[in-house]
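This report walks through a protein model one region at a time, with attention to burial and to charged side chains. Please keep the sequence and the coordinates at hand while reading.

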Amino acid sequence: MTAERSLEVITPENIDEALGVEVRADQSHVVSPVVKSLAEAYAFGRRAWPRLIRCDGQVVGFLMAFFDFNFARPVAGPDLRSGLWRLNIAAAHQGHGHGRFAVDAVAAELRRRGTTRLTTTWHVGHGSPEPFYLGLGFRPTGEMSEDERVGELKLQV
């Protein structure tokens, strides 16, 4: 039997489910909690795209994409990028393909918008999701965003 996965807009009816998504304790230092993501989504408006991840009707995670953020240093010209801002897969649901589904869903949305690269960042060191992202085809750009490595995935439009 194939699992039926979907993304769902955050609403007043499901916000508590979103806030209940918690990663494993040993990962809490490498990903911000959903409550911070939702505050950022509110502050950034249309440039943020928060979604619940469901599998067979059950909440298994949370993602937030971003659109047209300027990655340029203040001196350079604009460098607008879009990609995956946050990915939180609930502790009990990790290792079942939900993270891959989330990245694929963001890639599909970016393709729909005509974007040819998906940017994300990750912490390095203990508990880092770097192997996950590299396994999906992301390649480090050589840049850092604060204390996170920047990676990109080329998209076929």
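## The two faces of helix α2

In this predicted model, the face of α2 that is turned away from its buried side carries the exposed residues Val-35, Tyr-42 and Ala-43. The helix itself spans residues 34-44, and its buried residues are Val-34, Ser-37, Leu-38, Glu-40 and Ala-41. Viewed down the axis of α2, these buried residues fall within an arc of 160 degrees, so they line one face of the helix. The general geometry of such an element is helpful here: an α-helix has 3.6 residues a turn, so residues three or four places apart point the same way.

The cover over the buried residues of α2 includes helix α1 together with the strands β2, β3 (58-70) and β4. After α2 comes Gly-45, a residue whose phi is positive and lies near 60 degrees.

## A nonpolar patch on the surface

Val-35, listed above among the exposed residues of α2, also belongs to a nonpolar surface patch that it forms with Ile-15 and Leu-19, the three having about 230 Å² of accessible area together. Leu-19 lies in helix α1, which covers residues 15-19, and because its relative accessibility is 37%, Leu-19 counts as partly exposed.

## Arg-54 and its partners

Arg-54 lies in strand β2, which runs over residues 48-55, and with a relative accessible area of 10% Arg-54 is buried. Its side chain is joined to that of Glu-8 by a polar contact of 2.5 Å, and to that of Glu-17 by a polar contact of 2.8 Å. When neighbours within four places in sequence are left aside, the residues in contact with Arg-54 are Glu-4, Arg-5, Ser-6, Glu-8, Asn-14, Glu-17, Val-59 and Val-60.

Side chains of opposite charge can pair when their charged atoms come close. Arg-54 and Glu-8 form a salt bridge in which the closest N and O atoms are 2.5 Å apart. Since Arg-54 lies in strand β2 and Glu-8 in strand β1 (residues 5-9), the pair ties together parts that are 46 residues apart in sequence. Whereas Arg-54 is buried, Glu-8 is partly exposed, with a relative accessible area of 24%.

## A salt-bridge network around Arg-81

A search of the whole structure finds 13 salt bridges. In one of these, the side chains of Arg-81 and Glu-143 meet at 2.8 Å, N to O. Arg-81 lies in strand β4 (residues 80-89) and Glu-143 in strand β6 (residues 139-145), so this pair ties together parts that are 62 residues apart in sequence. The relative accessible area of Arg-81 is 5%, and Arg-81 is therefore buried.

Arg-81 also forms a salt bridge with Glu-152, with 3.5 Å between the closest N and O atoms. Because Arg-81 lies in strand β4 and Glu-152 in strand β7 (residues 148-154), that pair ties together parts that are 71 residues apart in sequence. Both Arg-81 and Glu-152 are buried. Through shared partners, salt bridges join Asp-79, Arg-81, Arg-117, Glu-143 and Glu-152 into one network.

How values were computed. Residues numbered from 1 in each chain as written. Predicted model: local features only at pLDDT ≥ 70, side-chain atom pairs only at ≥ 80, totals over all residues. Heavy atoms only, no water. Patch = residues over 30% accessible without salt bridge, like charges linked within 9 Å, V, L, I, M, F, W, Y side chains within 5 Å. Areas by Shrake-Rupley, 256 points an atom, 1.4 Å probe, with all protein chains shown as cover. Salt bridge = Lys/Arg side-chain N within 4 Å of Asp/Glu carboxyl O. Helix = DSSP H or I, 4+ residues; strand = E, 2+ residues; numbered from the N terminus. Buried < 20%, exposed > 50% of the residue type's maximum accessible area, 1.4 Å probe, protein only. Polar contact = N/O pair within 3.5 Å; in protein donor to acceptor, adjacent residues only side chain to side chain. Contact = heavy atoms within 4.5 Å. Arc of directions from axis to C-beta.
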